[in-house]
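Reader: I am new to this structure and would like to understand the reasons behind the words used for it. Could we go through them one at a time?

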Amino acid sequence: MNLHEYQAKELLAKYGVPVCPGRVAETPEQAAEAFRALGVPLAAVKSQIHAGGRGKGKVYEKDLTTLRIDRGVALVRNVEEARSVAAKILGGVLVTKQTGPQGRTVRKVYVEAGCEVDRELYLGCVLDRKAGKPVFMVSRQGGMEIEEVAARDPNAIVKEPLDVGYGLRPFQGRRLAYVLGFGGETLGQFVKMAASLARMVVERDLSLLEINPLVVTKTGNLLALDAKIGVDDRALELQKQSDLEAMRDVHEEDPVEREAASHGLNYVTMDGNIGCLVNGAGLAMATMDIVKQAGGQPANFLDVGGGATKEMVTAAFKILCRNSGVKAILINIFGGILRCDLLAQGIVEAVREVQVKVPVVVRLEGNQNEKGREILGSSGLKILPAKDMGEAAKKAVEAAGLTR
Amino acid sequence: MSVLVDRNTRVVVQGLTGSAGTAHGNGMLEYGTNVVAGVVPGKGGTAWESAQGVKVPVFHSCFDAVRETGANASIVFVPGAFAADSVMEAAAAGLKLVVCITEGISILDECRLRPFLKETGTRMIGPNCPGLITPEECKLGIMPGYIHKKGDIGLVSRSGTLTYEAVWQLTNLGLGQSTCVGIGGDPVQGTDFVDVLKYFHEDSGTRAVAMIGEIGGTMEEEAASWIRANLKKPVVAFIGGQTAPPGKRMGHAGAIIQGGKGTAAEKYAALREAGVTCVVGPADIGRAMKAVLDGKGR
């Protein structure tokens, strides 16, 4: 789960990391009030969405063609400006490099006091899967995407692994500080800040931390000018971070994926014509692949898991059938734990209840598969059986009328 | 011959009296696995009875179980919040092989396991995996036993049901397996492809290797480098998630393309370069292996 910038900064402030004063606003009036309360000559009105590239993004009306304002982050110098800029941004759809063409509706802006920037740097902490530990990364090229820096000049990024049992050691903090060109008081400030960030990553189960840019102000102080924080979903599921869970913004999540999750289904929306219902994540990915190879386009990833019940199968069918792009449904089950006869029963009941209008192709293998096939065969429903996943994909594509 | 488990493996089941522990405790016993003990804190001194009426002693701790039964491997069916601790207990008690089936351990807990297991010299398979099986000898996992056949193909995979799919294709073509290892779908794992490939490399009972990878991370690329430098046995590989959109987690916590990295295309390219026979159709894994063994494949 990701946090908004204003939430990330709230958390950073709790760990003693300097941030500019700011206030979140949901209406133009609140934005005007925020500017007044900050009492500064210059402030930034920043769109709050879970995607980067906001500054260079454009805010449109819902039709995605009428331009409201040509940037997602705008500087304002007085109360009136704060109000009018917020009015243009709020309720508009912000399209950036990272949002995709459909953009994201902006529901909140963060009004933040301006500051005088001397240098822009990068600091991040991500999981190094191979090493099995989070790793801190810094670069002098702040304001740029780290992937871009890595592609252009990998040596510009310096990394220090985090010992989760101990924290970031002082020498590691010093090394990163020297790389960033710090000396004197700023160096001390940075080492302290880095140790504090490491503590935050461990205590709050963060899967991603990015301060980009981390700035040095004209007065020589450090400041987190933008921040991105991701929280480990597993930790949230284990209810380890309830105050972070409270920061969840459901508007930033795909409503269908969210609904699926509430039924214990693992679902990812895609743009295609063959709906897929599979048990197991690996097999579900492979099923999408074989659909594509057979000439179709997978409409989704859907893993019903090892303990799928009739209720889960019904919920899955409802979700698949709501997508008007779906021209056929492919069910691919390899019963290990899951019993095919129980699943077949679930399919029959679900197809009846949901009144599925598109062809359904079913491949059942594994635990009690013969009984399962019998149930499907004698159901009187138009369910097309397939003997293996290759045949199933071919039949689904044919039934959908997509044959090459 | 086989790797990691065989008929001498003496298994302790952590969480044996829970629903998953009971179901798979039964499954393992039915397959013929030597389940010698259960560990459930608070239930020491009791006995668990299998569906067939086999009584298995239950202990408070792995320390007791090892001392009393000579167990030498463990399988963990403990909920996510406590699973890492259970794995560490098994390791501390001297068990050298621990399979962690649990899905949902936090990433940092998985990070904490690494150095602990290194110190005790314990091999962990998983977490979030189906376990491993040496056909007709020992099933230390949750896979359906009947799809396997004894033989000389080593199989290693990040998936569960896709592993069953691949095994079933092999078995139907008469290609038996030496050992099948499901290393799991999490971002931080106890055992990676290279670890298992090393076992297969050294095992005289393994003639060829089937490898099932997926998007996310760089484990397949590391396997490719290792294969290129070391492995003389033929390898057939499939990578799942060729059609997965970037930035989305595909069910497995570790199956995600991040910052444009971890795509199936990159993995296939690395594997091809290493001389691995790459299969893009998930229904063709068995056939490709047969072709390679018949000398018709690459």
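Reader: What stands opposite Leu132(B) in E9(B)?

Author: In this predicted model, the residue of E9(B) that stands opposite Leu132(B) is Leu140(B). Strand E8 of chain B, residues 131-134, is joined to E9(B) by 4 bridges, and the two run antiparallel.

Reader: What makes E8 and E9 of chain B a pair of strands?

Author: Two strands pair if at least two bridges are found between them, and here there are 4 bridges, so the condition is met and E8(B) and E9(B) count as paired.

Reader: Which sheet holds these strands, and which of its strands are called edge strands?

Author: They belong to an open sheet of 7 strands in chain B, with mixed pairing and the order E9-E8-E11-E10-E12-E13-E14. Its edge strands are E9 (138-141) and E14 (277-279) of chain B, each of which pairs on one side only. Neighbouring strands of this sheet are turned by 15° against each other on average, with direction ignored. Across E12, E13 (235-240) and E14 of chain B lies helix H8 (residues 264-273), which runs at about 170° to E13(B).

Reader: Why is one side of E3 and of E7 in chain B left without a neighbour in the sheet?

Author: These strands belong to another open sheet of 7 strands with mixed pairing, in the order E3-E4-E2-E1-E5-E6-E7 (chain B). Strand E3 (47-49) and strand E7 (123-125) stand at its edges with a single partner strand each, and therefore one side of each has no neighbour in the sheet. The twist from one strand to the next averages 25°.

Reader: How do you know that E6 and E7 of chain B pair, and in which sense do they do so?

Author: Strand E6 (residues 97-100) of chain B and E7(B) share 3 bridges in the parallel sense, and since at least two are required for pairing, the two strands qualify. As one example of a bridge, Leu97(B) has Arg123(B) in E7(B) as its partner. Helix H3 (residues 80-92) of chain B lies across E1 (11-14), E5 (73-76), E6 and E7 of chain B, and runs at about 165° to E6(B).

Reader: Why are the buried residues of H2(B) said to line one face of the helix?

Author: The buried residues of helix H2 (residues 62-69) of chain B are Cys62(B), Ala65(B) and Val66(B). Seen down the axis of H2(B), they fall within an arc of 95°, and so they line one face. Among what covers them are E1, E2 (35-39), E4 (55-59), E5 and H3 of chain B. Just after H2(B), Gly70(B) takes a positive phi of about 70°.

Reader: Why is Ala260(A) called buried rather than exposed?

Author: Ala260(A) has 24 other C-beta atoms within 10 Å, and the word buried applies from 20 or more, so this residue passes the cut-off. Ala260(A) is found in helix H9 (residues 255-262) of chain A, and, leaving aside neighbours within four places in sequence, is in contact with Leu265(A), Tyr267(A) and Ile319(A).

Reader: How many residues of chain B are in contact with chain A?

Author: In chain B, 45 residues are in contact with 45 residues of chain A. The elements giving two or more residues to this side of chain B are H3, H4 (107-120), H5 (161-172) and E12 (208-214) of chain B. By class, this side has 21 nonpolar, 18 polar and 6 charged residues.

Terms used:
Residues are numbered from 1 along each chain as its sequence is written. Chains are lettered from A and ligands numbered from 1 in the order in which they are written. This is a predicted model: local features need pLDDT of at least 70, side-chain atom pairs count only at pLDDT 80 or more; totals for chains, interfaces and linings use all residues. Axes are lines fitted to C-alpha atoms, for helices over the stretch in contact, and angles run from 0 to 180 degrees between N-to-C directions. Two residues are in contact if their C-beta atoms, placed from the backbone, lie within 7 Å. A residue is buried if 20 or more other C-beta atoms lie within 10 Å of its own, exposed if 12 or fewer, and partly exposed in between; C-beta atoms are placed from the backbone. The arc is that of the directions from the helix axis to the C-beta atoms. Ala, Val, Leu, Ile, Met, Phe, Trp, Tyr, Cys and Pro count as nonpolar, Asp, Glu, Lys and Arg as charged, and the others, Gly among them, as polar.
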